[in-house]
Amino acid sequence: MKHLFEDIEKKMRVLEQEFQLVNKLLYEMKKEKNNNYPSSIQAISYFTYSFMLPRRESKDGMVIGNFIIRNMGSIPLDNPVICLKMIPKEYTGLTAKLGEHVSYDRRINPLVMEAWQYIDENAERIAEENGEFWIKPIQIRQIKEGEQLAFANFQIKLRFSDEVNAYKIYGFFYCTQFPKGIKSLNDIIIHG
């Protein structure tokens, strides 16, 4: 039991360091923005998440999270798309409310700003084959300057196995202004 608490404390320290890095980057970007530069294109994306340990009778863990995109620039970002890549795909699975008939109560979670869907009819097949989930917001076509967009309350099931020692989730943000994409500031990495 003591070893389990030490692992949790270690993971908490790593998360605190990542949070401090995000805050430092946000501070620097805000400072730059206030220096009256001409129009700029700047964006960041990052995960916020919690990890739920497996219960004694189960070998499954769960990550519950949000993928947040912030427009730090002075012009809108058009046609946002995100990609969540899961490794190993055989032992991870995304559960999320995807589709146009999803409704949220914004009083419960202010991060929930949008329903999401796969980018096209091939995206679901790509998710199964490669572990890459390509999704886009249904209603929002633009992230205005200073605003954020969140893919909120997704769940990733981790099936622990002796064959796997690390589970990784990477996030990428794409839009018209960033066609090559922007990697998220942090990743989700769980060591089994």
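## Strand pairing and confidence in a predicted model

Across the protein chain of this predicted model, the pLDDT averages 82, and 82% of the residues score at least 70. Over residues 102-106, though, the pLDDT is below 50. In the model this stretch has nine contacts beyond near neighbours in sequence. Where pLDDT is low, the predicted coordinates should not be read in detail. Looking at the elements of the protein chain, the lowest mean pLDDT, 70, belongs to helix α1 (residues 2-33), and the highest, 96, belongs to strand β3 (residues 77-78).

Now to the strands. Here are three pairings you can trace in the structure, each with a residue pair to help you find your place.

| Strand pair | Sense | Bridges | Residue pair |
|---|---|---|---|
| β1 (residues 43-52) and β2 (residues 60-71) | antiparallel | 10 bridges | Y49 and G65 |
| β2 and β9 (residues 148-159) | antiparallel | 10 bridges | I68 and A150 |
| β10 (residues 166-175) and β12 (residues 188-191) | antiparallel | four bridges | A166 and H191 |

Strand β2 is a good place to start: β2 pairs with β1 and is also joined to β9. Within β2, G65 stands opposite Y49, while I68 has A150 of β9 as its bridge partner.

Which side chains of β12 are buried, and which are not? I188 and I190 point to one face and are buried, whereas I189 and H191 point to the other face and are not buried. This fits a familiar rule: in a regular strand the side chains alternate between the two faces of the sheet. H191 ties the two views of β12 together, as the bridge partner of A166 in β10 and one of the side chains that are not buried.

Terms used: Residues numbered from 1 in each chain as written. Predicted model: local features only at pLDDT ≥ 70, side-chain atom pairs only at ≥ 80, totals over all residues. Heavy atoms only, no water. Pairing = 2+ DSSP bridges. Buried < 20%, exposed > 50% of the residue type's maximum accessible area, 1.4 Å probe, protein only. pLDDT = per-residue confidence, 0-100. Contact = heavy atoms within 4.5 Å.
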